Amino acid sequence: MGQPPDPFPVKPNRATLLEFPCGFSLKIMGAAVDGFAQTIAAVVRRHAPDFDPATTGMRPSRASTYLSLTCTIRATSQAQLDVTYREPSSHSWVKVVP
């Protein structure tokens, strides 16, 4: 059977207000489980090879149930940003990628 359609298709001709390359902060919130930050850093690094995981900002929720990560990358295109948002969004530990 075929693959289901991509719920987040890349729109290559979409207008953007960003000028590339630029610094861009991704906010990713998910379950506060062992390995969450490392897993997300690896995903981000796949799409932004110069991303330094040591620069990731981390903030736990009040009850320490969730962890908010801020990963700042050097974005080179809208397509790169689209895929960098899309992959973490599909991870089971991730709750929100605003």
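Let me start with one residue: Ser25 sits in strand E1. Helices and strands here are DSSP runs, numbered from the N terminus, with at least four residues for a helix (H or I) and at least two for a strand (E). Ser25 has a relative accessibility of 38%, so it counts as partly exposed. On that scale, buried means under 20% relative accessible area, exposed means over 50%, and partly exposed is in between, with a 1.4 Å probe and protein chains only.

Before going on, the basis. This is a predicted model, in which local features need pLDDT of at least 70 and side-chain atom pairs count only at pLDDT 80 or more, while totals for chains, interfaces and linings use all residues. Residues are numbered from 1 along each chain as its sequence is written, and side-chain values use heavy atoms, with hydrogens and water left out.

What does Ser25 touch, leaving aside residues up to four places away in sequence? The list is Thr70, Cys71, Thr72 and Tyr85, where contact means heavy atoms within 4.5 Å. Ser25 and Ile73 are 48 residues apart in sequence, yet their C-alpha atoms are 6.3 Å apart in space.

Now the overall layout. The protein chain has two helices and four strands, and from the N terminus the elements run β-α-β-β-α-β. Of its 98 residues, 30% count as buried. If we take the contacts with a separation of 6 or more, 72% of them are between residues 24 or more positions apart. The chain exposes about 6500 Å², with carbon and sulfur atoms supplying 57% of that; these areas come from the Shrake-Rupley method with a 1.4 Å probe, and for residues only the protein chains shown count as cover.

Next, the sheet. The four strands form an open sheet in the order E2-E3-E1-E4, with antiparallel pairing. Two strands pair if DSSP finds at least two bridges between them. At the edges are E2 (57-60) and E4 (94-96), each of which pairs on one side only. Neighbouring strands are turned by 35° against each other on average, direction ignored. For all such angles, axes are lines fitted to C-alpha atoms, for helices over the stretch in contact, and the angles run from 0 to 180 degrees between N-to-C directions.

E1 and E3 are joined by ten bridges in the antiparallel sense. Within that pairing, Phe24 has Ile73 of E3 as its bridge partner, and Lys27 has Thr70 of E3. On the other side, E2 and E3 run antiparallel with four bridges, and Gly57 stands opposite Thr70.

How many residues lie between E2 and E3 in their hairpin? There are five, and Ser64 is in the turn. Phi of Ser64 is near 60°, a positive value in a residue other than glycine. Most residues other than glycine have a negative phi, and most peptide bonds are trans. Ser64 counts as partly exposed because its relative accessibility is 46%. The other backbone item is a cis peptide bond between Phe20 and Pro21, with omega about -5°; Pro21 is in the segment before E1.

On to the helices. H1 lies across E1, E2, E3 and E4, and runs at about 145° to E1. H2 also packs on the sheet, touching E1, E3 and E4, and its direction makes about 10° with that of E1.

What holds the inside? The largest nonpolar core has 17 residues, and those touching the most other members are Ile28, Phe36, Ile40, Val44, Phe51, Leu69 and Ile73. E1, H1 (36-47) and E3 (66-75) each supply at least two residues of this core. By nonpolar core I mean a set of buried Ala, Val, Leu, Ile, Met, Phe, Trp, Tyr and Cys residues joined through side-chain atoms within 4.5 Å. Ile40 touches Ile28, Leu69 and Val94, again not counting residues up to four places away in sequence.Last, the aromatic rings. A search of the whole structure finds one aromatic pair. The ring centres of Phe24 and Tyr85 are 6.2 Å apart and the planes are at 75°, so the pair is edge-to-face. The rule is that rings of Phe, Tyr and Trp (its six-membered ring) pair if their centres lie within 6.5 Å, with planes under 30 degrees apart counted as stacked, over 60 as edge-to-face and the rest as tilted. This pair links distant parts of the chain, since Phe24 is in E1 (22-31) and Tyr85 in H2 (78-89), 61 residues apart. Tyr85 is partly exposed, at a relative accessible area of 23%.
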